[in-house]
Structure formats: C-alpha cells, structure tokens
Amino acid sequence: LAGGSVVLQSSTGMTGTRLAIAPLANGSYLTIELLTADGFNTHLPSSGIAVHRVVMTAEGTVQVIVPLVGEPPFTDLLQPGELVVSDGWRIEVIDNAVSITPVP
C-alpha cells in the first residue's frame, strides 16, 4: 500500500478487503484490520480498527507483533474520527473507511 483509503471488511465476511498492509523501511510492516465484536472477538467492547507493527527478522520470519492502539489487554480499537501515527504512517478511521497516508 502506498497510501489512500480503503473500506475494510471483517475477517468473518465472504468478500472484500480484509487487511491493509503498510510497508516499513526495514522489511517490517503495519497491519490494519477491522475486528468485529463477535465470533472469536466477543471479548472486545466494540468493533473497530486494530493496528499492529509486525517486526520481521533478517531471515523473513515474524519476530514480534506489537499492538499500536490502546493499553493492555489491547481491547480498545480505533473508532470513526480517531487516528494513530506510527512508523511514518498516519492511519485514520473515516466513517466506514480507513485513510492510510505516509507522513514525511
């Protein structure tokens, strides 16, 4: 993803975009996904957008996944009008879409 807006669908949906990925300079990336408070996620207080930093090793395996929204136990998710800026990216929830733009 080079930036733009995307409408995300729940991972329980049958069609649509389920995950947006923003690349980081070191081969790692940010993941942006819609989590709905149902199914495996009934523990969430509400549906919303989760953002994670996925750190890769030099060999290309996942080293660690770091939630970037909220505090432990990380059940708070981005809601419309909220945003997070991390690792050179600005991720903002706008109505039913997510705006993902590079930050200089």
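**Two antiparallel sheets in one chain**

Tutor: Welcome! The chain has eight strands and zero helices, and the model is a predicted one. From the N terminus on, its elements read β-β-β-β-β-β-β-β.

Student: What makes the chain as compact as a globular protein of its length?

Tutor: Set the value against the rule. The radius of gyration is 13 Å and the globule rule gives 13 Å for 104 residues, so the chain is as compact as a globular protein of that length. Along the principal axes, the C-alpha trace spans about 35 × 30 × 25 Å.

Student: How do you know which strands are the edge strands of the sheet β1-β8-β7-β6?

Tutor: Look at the pairing. This open sheet has four strands in the order β1-β8-β7-β6, with antiparallel pairing. β1 (4–6) and β6 (83–86) each pair on one side only, and that makes them the edge strands. Neighbouring strands here are turned by 20° against each other on average, direction ignored.

Student: Why do we say that β1 pairs with β8?

Tutor: Pairing needs at least two bridges between the strands. Three bridges join β1 to β8 (residues 97–102), and because the cut-off is two, they count as a pair. These strands run antiparallel. As one example to find in the structure, Ser-5 has Ser-99 in β8 as its bridge partner.

Student: And the other sheet: why is one side of β2 and of β5 left without a neighbour?

Tutor: Four strands form this open sheet too, in the order β2-β3-β4-β5, again with antiparallel pairing. β2 (20–23) and β5 (62–67) are at its edges with a single partner strand each, so one side of each has no neighbour in the sheet. The twist from one strand to the next averages 25°.

Student: What makes β4 and β5 a pair?

Tutor: The same test applies: at least two bridges are needed. Strand β4 (residues 48–56) and β5 share five bridges in the antiparallel sense, so the condition is met. Arg-53, for instance, has Val-66 in β5 as its bridge partner.

Student: What share of the residues is called buried?

Tutor: Buried means under 20% relative accessible area, and 36% of the 104 residues in the chain are buried. The accessible surface of the chain is about 6,000 Å², and 57% of that belongs to carbon and sulfur atoms.

Student: How do you know how confident the predictor is?

Tutor: Confidence runs from 0 to 100. The mean pLDDT of the chain is 92, and 99% of its residues reach 70 or more.

Technical notes:
Residues numbered from 1 in each chain as written. Predicted model: local features only at pLDDT ≥ 70, side-chain atom pairs only at ≥ 80, totals over all residues. Heavy atoms only, no water. Axes fitted to C-alpha atoms, helices over the stretch in contact; angles between N-to-C directions. Rg over C-alpha atoms; globule rule 2.2 N^0.38 Å. Buried < 20%, exposed > 50% of the residue type's maximum accessible area, 1.4 Å probe, protein only. Areas by Shrake-Rupley, 256 points an atom, 1.4 Å probe, with all protein chains shown as cover.
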